[in-house]
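Reader: I'd like a close look at one helix and what surrounds it in this model. Could you walk me through that part and then work outwards to the rest of the chain?

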Amino acid sequence: MTTPLELLAPAKTAAIGMAAIDHGADAVYIGAPRFSARAEAGSQAADIARLIRHAHLYSAKVYVALNTILTDAEIPLARDIIQAVFDMGADGLIIQDVGLLELDLPPIPLIASTQMHNATAEKVRFLEAVGFSRVILARELALTEIGEIRRQTKVELETFVHGALCVAYSGQCYMSQAVTQRSGNRGVCAQPCRSRYTLTDGSGRTVVDRRFLLSLKDLNLSGCIADLVAAGITSFKIEGRLKEIDYVKNVVAAYRTAIDRFIAANPSFGRPSSGDVTYNFTPDLDRTFNRGYTSYFINGRDEKIASLDTQKATGQPVGTVTAVGQDFFRMRGAVLENGDGLCFFTQAKTLVGFRVERVLEQRIYPNAMKGLRVGTRLFRNHDHAFSRVLKKASAQRKISITIDFKQDADGICLTVVDEDAHRSQFKQHLAFDPAKHPDRMGEQIVTQLSRTGDTPYTVTRVTVEPAAPGFIPIGTLNAMRREALDQHTRARLQALPVWTAAPATNAVPYPEKELTFTANILNAHARAFYRRHGVRRMEPAFETLADPAGKTVMTTRYCIRHQLDACLKTSGKDNPLPEPLQIDDGRHRYRLEFDCQRCRMHVVFNGRVRKPGRRHGRD
């Protein structure tokens, strides 16, 4: 028996989710109509149902995200939504709020959102004990830490392998709530981490002026599949529930290729869904949205992970300017196309973008020339030709079937068997009319039954019995084929296993006895859950605070000191950055505190600042 390895893709909409399935995803996750951690990516019930049917045809799964923390008033509606998505056939529910476990839920498998801060074996072991079927691990974990969690638990482990990174531990960031009253734990993060910040040291000296000190590169673990499997991961998640269809198609195809390559070399592992995919393009992660890539902490703290000069996508390096004319330039590097989007960094390290209007021989005519110099390094952040391919039908996913044709005096029987051994039969009464050329008729039957067109099937074999079949009009053969395949589709959907699970009502001790606001407790049901599991004291959620000043609004494994080569562990007494270190965006100031023993940085909100002429830095 093989161990299934799941490729899990994001779905901003049902159409994008269906494209992800068509391009090789084994599962997709989509926002519930309300209470999703990406509030902008909530989906209507009818769209979720449509996506579920499409996914289930390929034995793929759909997980619905209802992973915000909830108020007491929202709990009844959340319960209704959960019942509705269960009735639709959703395969799992991603949640953050433990108050939901106090409700009478339908038996839908529960998945612990990464917003629950799943970073230790103790926490994951607890979640398994109270009935979660799967845990989405914190992005910050190293392979050794994942391996330790695997050794102490049996629950399914899912991890992010690609996409944008939150600089904070997920669920432990309150920056947006503090400065805009838009809570990340309520699905409406304003992303202040993507702003410009100025860093000052204890002497008041400006160390870094207006750079993106908290903005990280994007995650890319496509080269780490074997290591992640060895550590215990069985679900590989692509971030991006706000991403468009071309991004999802390309990234899914790239990871499908990488995982299939691993499976081919390791036959004890397999795919949990059905159908083989053929692509009309070559997947390339460098040709889609990215801020530069990092492997984050998967191999420990071994690289610089911030994108200090921009929070935007830079894309793929394409060449260097070799000459500049009045309205054109020349470059050495990749071939460009009309409509390409290029960008470059000025001498002041500001990112500037422009569009290629026309390419004539070796001359490139842009819509703007300002700042272009000989020697400027160019990046392509919009690949027009690649995007054009991905906007169209760019892949086909087909389930292999065989069709056995049998004819006798009473009529015809078509038996369809697919790659998963699902079997269906379609029968039609038809009087036997001897064919003038039985051999040709047999060939015609094979030809017509093999034409599956835009159905999800591809025919690998057709058998015909008897060897000398009677005459059948081509229109009749085509109609029978359509009816037989429609009937087989219904049979596949009916045969799909229904996965159910239920929370375990018990009093297993929670790993902590006292909880701060970082437990994100916003309703009475959550308080009751923690009391039942032995917590004696708990603070209400950060969102209830009247004044956030003095509170830690971000906890992160990323360290500005390390990024700037001023790590206290390595620089010692020669530390060039005397504390306290502070950052500000022109409107708000934060104090940085460093827990060097655990390699964590805490960002403490100091309140608003008043600096004439300074402005908010998200540009």
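Author: Right after α3 comes glycine 89, with a positive phi near 105 degrees. This is a predicted model, so read that angle and everything below as computed from predicted coordinates. The helix that ends there, α3, runs over residues 75-88. Its 14 residues reach 20 Å from the first C-alpha to the last, close to the 20 Å expected at 1.5 Å a residue.

Now, which residues of α3 are buried? They are Ile75, Ala78, Ile81, Ile82 and Val85. These five sit on the same side of α3, because they cover an arc of only 115 degrees around the axis. Turn to the face pointing away from that buried side and you meet Asp80 and Asp87, both exposed. As for what the buried residues of α3 pack against, the partners are β4 (61-66), β5 (92-95) and α12 (524-532).

From there, on to the nonpolar interior. In soluble globular proteins, nonpolar side chains tend to be buried together. Here the largest nonpolar core has 155 residues, and Leu66, Leu214, Leu228 and Tyr558 touch the most other members. The biggest contribution to this core comes from helix α8 (residues 245-265), which supplies 10 residues. What does leucine 214 touch, not counting residues up to four places away in sequence? The list is Val167, Met175, Cys193, Tyr197, Met554, Tyr558, Ile560, Ile583 and Met601. Another core lies apart from the largest one; it has 13 residues, including Val318, Phe344, Leu372 and Leu378.

Next, the rings. There are 17 aromatic pairs in the structure. One of them is phenylalanine 126 with tyrosine 510, an edge-to-face pair at 4.9 Å centre to centre, with 90 degrees between the planes. Phenylalanine 126 belongs to helix α4 (residues 121-129) and tyrosine 510 to the loop between α11 (474-495) and β26 (514-515), so this pair ties together parts 384 residues apart in sequence. Both rings are on the inside: phenylalanine 126 is buried at a relative accessible area of 4%, and tyrosine 510 is buried at 8%. A tilted pair is formed by phenylalanine 328 and tyrosine 365, 5.8 Å centre to centre and 50 degrees between the planes. Here phenylalanine 328 comes from the loop between β16 (316-324) and β17 (329-333) and tyrosine 365 from strand β20, so the pair ties together parts 37 residues apart in sequence. Phenylalanine 328 and tyrosine 365 are both buried too. Back at the edge-to-face pair, Phe126 and Tyr510 join Phe529 and Tyr530 in one aromatic cluster.

For contrast, try a residue on the outside. Is glutamine 362 buried or exposed? It counts as exposed, at 58% relative accessibility. Glutamine 362 is in the loop between β19 (351-360) and β20 (363-366). Its C-alpha is 6.2 Å from that of arginine 330, although the two are 32 residues apart in sequence. Setting aside neighbours within four places in sequence, glutamine 362 is in contact with Phe329 and Arg330.

That leaves the charged pairs. Side chains of opposite charge can pair when their charged atoms come close. Over the whole structure, a search turns up 31 salt bridges. Take arginine 291 and aspartate 218, whose side chains meet at 2.9 Å, N to O. This pair links distant parts of the chain, 73 residues apart: arginine 291 is in the loop between β14 (276-279) and β15 (293-294), aspartate 218 in strand β11 (residues 218-220). Both partners are buried, arginine 291 with a relative accessible area of 13% and aspartate 218 with 2%.

Aspartate 383 and arginine 287 form another salt bridge, with the closest N and O atoms 2.7 Å apart. Again distant parts are linked, 96 residues apart: aspartate 383 is in the loop between β21 (377-382) and α9 (384-391), and arginine 287 in the loop between β14 and β15. Here aspartate 383 is buried at 7%, whereas arginine 287 counts as partly exposed at 31%. Glutamate 593 and arginine 591 also meet in a salt bridge, at 2.7 Å, N to O. Both are partly exposed, glutamate 593 at 31% relative accessibility and arginine 591 at 27%. Finally, salt bridges with shared partners join Glu6, Arg134, Glu156, Glu158 and Lys237 into one network.

Terms used:
Residues numbered from 1 in each chain as written. Predicted model: local features only at pLDDT ≥ 70, side-chain atom pairs only at ≥ 80, totals over all residues. Heavy atoms only, no water. Salt bridge = Lys/Arg side-chain N within 4 Å of Asp/Glu carboxyl O. Helix = DSSP H or I, 4+ residues; strand = E, 2+ residues; numbered from the N terminus. Buried < 20%, exposed > 50% of the residue type's maximum accessible area, 1.4 Å probe, protein only. Core = buried A, V, L, I, M, F, W, Y, C linked by side-chain atoms within 4.5 Å. Contact = heavy atoms within 4.5 Å. Expected span 1.5 Å × (residues − 1). Arc of directions from axis to C-beta. Phe/Tyr/Trp six-rings, centres within 6.5 Å; stacked < 30°, edge-to-face > 60°.
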